[in-house]
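Visitor: I have a chain in front of me and would like to learn how to read its features one by one. Could you take me through them, giving the general idea before the particular case?

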Amino acid sequence: MASVLNKDTAFENIPSIKAKTLRINLNPDIYGTFAEIGAGQETARHFFRAGGSSGTIAKAMSAYDKDFSDAIYGIEPDGRYVTQSRLKRMLEYEMQLTEERISRQKHPDRLFFSYANTVATIDFAKKFKGHGWIGIRFQLDPNQKEWDEIVLHIRFRQNEARLQQETLGILGVNLIYGAFYKYDQPRKLLRYLYDHIDKDTIEIDMINFSGPNFKNVDNRLMSLQLIKNDMTDAVMFGPDGNNLLPAAILYKKNILALRGSFRPVTKVNLDMFQKSYDIFVREQTVDINNTIVIFEITLSNLKASGEIDEQDFMDRAELLCSLGHTVMISKFREYYKLVEYFNNYTKSRIGLTMGVNNLVEVFDEKYYRHLSGGILEAFGKLFFKDLKVYLYPMKDEETGQIMTSNNVKVHPRMKELYKFFKYNGKVMDIIDYDPEILHIFSRDVLKKIINKDDGWEAELPEGIAEIIKEKDLFTKKLVKAEENK
């Protein structure tokens, strides 16, 4: 096995696309199929041009006609073609065909793979730049019972179909090469997908690894890498830990978003969510069956000490997933950017759940100095159409006064602007909150966990304290950081 697939961990000089394809073509064991729909046979073309492709390519095809495609891969329930479901069908069908037609007795050392993509390039009017699904199903050992698989979603940023096709071809080569020669270094594999590709030309907004050789890969951590590597602006993952495509989850949905550090998630966080959700779904235009709740963490919120602590991120993710929530990680420090992002995918109702302290920050001019239109430009995007802010009260620690939208203190220059949005129903108080938990703050609970104080368990939702204790969350790296101060 080691002699078949040499692990080139020291080979850090970026090989050319021809060098990558030639290395695969000259490997006598790597053998598979290419099925490319929607942007030409750009990936297969690189392998044909490199030479020696007869030892690698069992079949290369492109079923452009929808009826032909349906006859081969079946009809999708939603009738669409550029979907993850379609890609999965393609990978499964082509791999099954390879297994049926290539004799294992004749070729005992063959490492089968099926590469596929289903893509829509830029339209004639150049309004829709295009997107696509790309994946590879493969094996690293001929006796492997389960397949390894890498699936990713891309968005094109170029304005010419020809350029998009060329970029897709290079990306496909990088994926296949990475699958066989960087499988044991998934983070590097991720970065190397952009070899010979300008990051401005394509966005990777979702990737999932699965199979026996990726059993130790946490897709949530891979999702974080997409953000850290500037491959995309926002990523999402579900309660099962697998990454989700934001466009698919948010498309035409009513969205309720709750931003926080969730370090750890507390009773206050859940009360904010539940009480605002109850109000949100009673809105006249909101269909409860077409509503998604997002627990969102900004990238800046993950930088607890200047750098992103990945273990700390995983601890937060672990708890939110255990509660059954969908999580978004974004680069949007300002709320208006988050809303702008949501508006790319839906024109339905959007709700933001926030505390009084967050609202005060929203009305702070310093966050909008980089905009030519200043705070007015930001608010034009923030309070666009159907957006509402559901405001959770805060107890003033010094006076004991309950702060709501009626007595919140914004900068004097912002008072009239605030009144405008307040009296136009854009800010709504959560009035049926639990007054017994207003004293709970995540930062205080975190200190108690680190210091091993008593009583913090009662400030968290049911079952969360047990998970923290069982898995020793929020302590290992944090305690080490405390000791190094």
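Guide: Let us begin with a proline: Pro 264 sits in the loop that runs between S9 and H9. Please keep in mind throughout that this is a predicted model.

Visitor: What joins Arg 263 and Pro 264?

Guide: As a general matter, most peptide bonds are trans, and most residues other than glycine have a negative phi. Here Arg 263 and Pro 264 are joined by a cis peptide bond, with omega at about 5°.

Visitor: And which value of phi does Asp 230 have?

Guide: Asp 230 is not a glycine, yet its phi is positive, near 60°. Asp 230 belongs to the loop between H7 and S7, and with a relative accessibility of 45% it counts as partly exposed. Lys 252 likewise has a positive phi near 60°, and it is placed in the loop between helix H8 (246-250) and S9.

Visitor: Before going further, how should I take the confidence of the model, and where is the pLDDT below 50?

Guide: The chain has a mean pLDDT of 90, with 95% of its residues reaching 70 or more. Over residues 1-11, however, the pLDDT is below 50, although this stretch has 26 contacts in the model beyond near neighbours in sequence. The pLDDT is also below 50 over residues 478-485, a stretch with six such contacts.

Visitor: Now to the sheet. In what order do the eight strands lie?

Guide: The general idea is that strands of a sheet pair through backbone hydrogen bonds, either parallel or antiparallel. In this model eight strands form an open sheet with mixed pairing, and their order is S8-S7-S11-S10-S9-S12-S13-S16. Strand S8 (243-244) and strand S16 (427-429) are the edge strands, each of which pairs on one side only.

Visitor: Are S9 and S10 paired in the parallel or the antiparallel sense?

Guide: S9 and S10 pair in the parallel sense, over six bridges, and Arg 259 has Glu 296 in S10 as its bridge partner. By contrast, strand S7 (residues 234-237) and strand S11 (residues 326-330) run antiparallel and are joined by four bridges, with Phe 237 standing opposite Val 327 in S11.

Visitor: Which way do the side chains of S9 point, and are they buried or exposed?

Guide: In a regular strand the side chains alternate between the two faces of the sheet. From S9, Asn 254, Leu 256 and Leu 258 point one way while Ile 255, Ala 257 and Arg 259 point the other, and all are buried. Because six of the six residues of S9 are buried, the strand is largely enclosed by the rest of the structure.

Visitor: Which helices lie across these strands?

Guide: Helix H7 (residues 219-228) lies across S7, S8 and S11, running at about 170° to S7. Helix H9 (residues 267-280) lies across several strands, among them strand S9 (254-259), strand S10 (291-298) and S16, and runs at about 160° to S9.

Visitor: How do I describe two helices that pack against each other, and why are H3 and H4 called oblique?

Guide: Two packed helices are described by the angle between their axes and the distance between those axes. For helix H3 (residues 66-73) and helix H4 (residues 84-101), the axes come within 10 Å and cross at roughly 60°, and H3 and H4 are therefore oblique to each other. On the H3 side the contact is made by Ser 69, Asp 70, Ile 72 and Tyr 73, and on the H4 side by Arg 86, Arg 89, Met 90, Tyr 93 and Glu 94.

Visitor: Last, the interior: which residues have the most contacts inside the largest nonpolar core?

Guide: That core has 94 residues, and those with the most contacts inside it are Ile 150 and Phe 180. Helix H5 (residues 161-181) supplies the largest share of this core, ten residues. Apart from it lies another core of 57 residues, which includes Leu 87, Phe 332, Leu 352 and Phe 421.

Visitor: Is His 46 buried or exposed?

Guide: His 46, which is found in helix H2 (residues 42-50), is buried, with a relative accessible area of 18%. Beyond its neighbours within four places in sequence, His 46 is in contact with Ile 17, Thr 21, Gly 169, Ile 170 and Val 173.

Conventions. Residues are numbered from 1 along each chain as its sequence is written. This is a predicted model: local features need pLDDT of at least 70, side-chain atom pairs count only at pLDDT 80 or more; totals for chains, interfaces and linings use all residues. Side-chain values use heavy atoms; hydrogens and water are left out. A nonpolar core is a set of buried Ala, Val, Leu, Ile, Met, Phe, Trp, Tyr and Cys residues joined through side-chain atoms within 4.5 Å. Buried means under 20% relative accessible area, exposed over 50%, partly exposed in between (1.4 Å probe, protein chains only). pLDDT is the predictor's confidence in each residue, from 0 to 100. Contact means heavy atoms within 4.5 Å. Two strands pair if DSSP finds at least two bridges between them. Axes are lines fitted to C-alpha atoms, for helices over the stretch in contact, and angles run from 0 to 180 degrees between N-to-C directions. Angles under 35 degrees count as roughly parallel, over 145 as roughly antiparallel, 65 to 115 as roughly perpendicular and the rest as oblique.
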